[in-house]
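Me: I am new to this structure and would like to go through parts of it with you. Could we begin with how two of its helices meet?

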Amino acid sequence: MTHGIRTDTQAAQLDRGDRLRDTATRYALLPLRVFLGVTFIYAGLNKLTDSAFLKSGGAGSIGDTMRSARAASAVPALIDLALKNPVGFGYAIALGELAVGIGTLLGLFGRLAALGGALISLSLWLTVSWATTPYYYGNDLAFLMAWLPLVLAGAPYLSLDAVLRTRRQRRRGY
């Protein structure tokens, strides 16, 4: 009877697990990036195509929404500033959400796009959803917190930022 020598090792299986864990870690922010990007693109397009939203008054208008949120706002001065030109402010918010969503989804200027998303979410939390009780029922605070990891990490993988970074490094000879 002959005995063979076992050639597979447990170390090889452990290495495979480490590679899988490293890959999962590398792409951990990708689902968040896709969710926030798609959501902000949808929100911007929804505002731009809603005939009632981009008006200074009337049901569903940006003007009436801001006037009704003013009394419960943490920073009513922000709403007063926006009420000077509610339609212009509505366009600015819609186009800002669209730019943030596209930048986040494509990973183009990822940190800047995430910072824009965080600022939009912060302003909405301090104005429109400030009075929501309990606080965790309001989604603007959750969106603000979701943007922060992307502000810190940017879009290092599967992004136009990564493509541009690779091209710059190749030109420099790295």
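Reply: Certainly. This is a predicted model. In it, Ile-62, Gly-63 and Met-66 of helix H3 are in contact with Pro-86, Val-87, Phe-89 and Gly-90 of helix H5.

Me: What classes of residue make up the contact of H3 with H5?

Reply: There are five nonpolar residues and two polar ones, with no charged residues.

Me: And at roughly what angle do the axes of H3 and H5 cross?

Reply: The axes of H3 (residues 62–70) and H5 (residues 86–106) cross at roughly 95° and come within 9 Å. An angle from 65 to 115 degrees counts as roughly perpendicular, so H3 and H5 are described as roughly perpendicular to each other.

Me: Staying with H5, how many residues does it have, and how far does it reach?

Reply: H5 has 21 residues, and the distance from its first C-alpha to its last is 30 Å. That is close to the 30 Å expected at 1.5 Å a residue.

Me: Which residues of H5 are buried?

Reply: Pro-86, Gly-90, Ile-93, Ala-94, Glu-97, Leu-98, Val-100, Gly-101, Gly-103 and Thr-104 are buried in H5. Their cover includes H2, H3, H4, H6 and H7.

Me: What comes just after H5?

Reply: Gly-107 is found there, with a positive phi of about 70°.

Me: Let us change to H6. What span should H6 have, and what is the distance between its end C-alpha atoms?

Reply: H6 covers residues 110–127, and its 18 residues should span 26 Å at 1.5 Å a residue. Its end C-alpha atoms are 26 Å apart, which agrees.

Me: Which residues are buried in H6, then?

Reply: Gly-110, Ala-113, Ala-114, Gly-117, Ala-118, Ile-120, Ser-121, Leu-126 and Thr-127 are the buried residues of H6. They pack against H2 (30–49), H3, H4 (76–83), H5, H7 (139–153) and H8 (160–172).

Me: One last topic: Ser-73. Where is it found?

Reply: Ser-73 lies in the loop between H3 and H4.

Me: Is Ser-73 buried or exposed?

Reply: Ser-73 has a relative accessibility of 10% and therefore counts as buried, the cut-off being under 20%.

Me: What does the side chain of Ser-73 reach?

Reply: The side chain of Ser-73 reaches the backbone nitrogen of Val-75 at 3.0 Å. It also reaches the backbone oxygen of Leu-126 at 3.1 Å.

Me: And which residues does Ser-73 touch, beyond those up to four places away in sequence?

Reply: With that exclusion, Ser-73 touches Ile-79, Leu-126, Thr-127 and Trp-130. Of these, Leu-126 and Thr-127 are among the buried residues of H6.

Notes:
Residues are numbered from 1 along each chain as its sequence is written. This is a predicted model: local features need pLDDT of at least 70, side-chain atom pairs count only at pLDDT 80 or more; totals for chains, interfaces and linings use all residues. Side-chain values use heavy atoms; hydrogens and water are left out. Axes are lines fitted to C-alpha atoms, for helices over the stretch in contact, and angles run from 0 to 180 degrees between N-to-C directions. Helices (H or I, at least four residues) and strands (E, at least two) are DSSP runs, numbered from the N terminus. Angles under 35 degrees count as roughly parallel, over 145 as roughly antiparallel, 65 to 115 as roughly perpendicular and the rest as oblique. Contact means heavy atoms within 4.5 Å. Ala, Val, Leu, Ile, Met, Phe, Trp, Tyr, Cys and Pro count as nonpolar, Asp, Glu, Lys and Arg as charged, and the others, Gly among them, as polar. The expected span of a helix is 1.5 Å times one less than its number of residues. Buried means under 20% relative accessible area, exposed over 50%, partly exposed in between (1.4 Å probe, protein chains only). A polar contact is a pair of N or O atoms within 3.5 Å; within protein, one must be able to donate a hydrogen and the other to accept it, and residues adjacent in sequence count only if both atoms are side-chain atoms.
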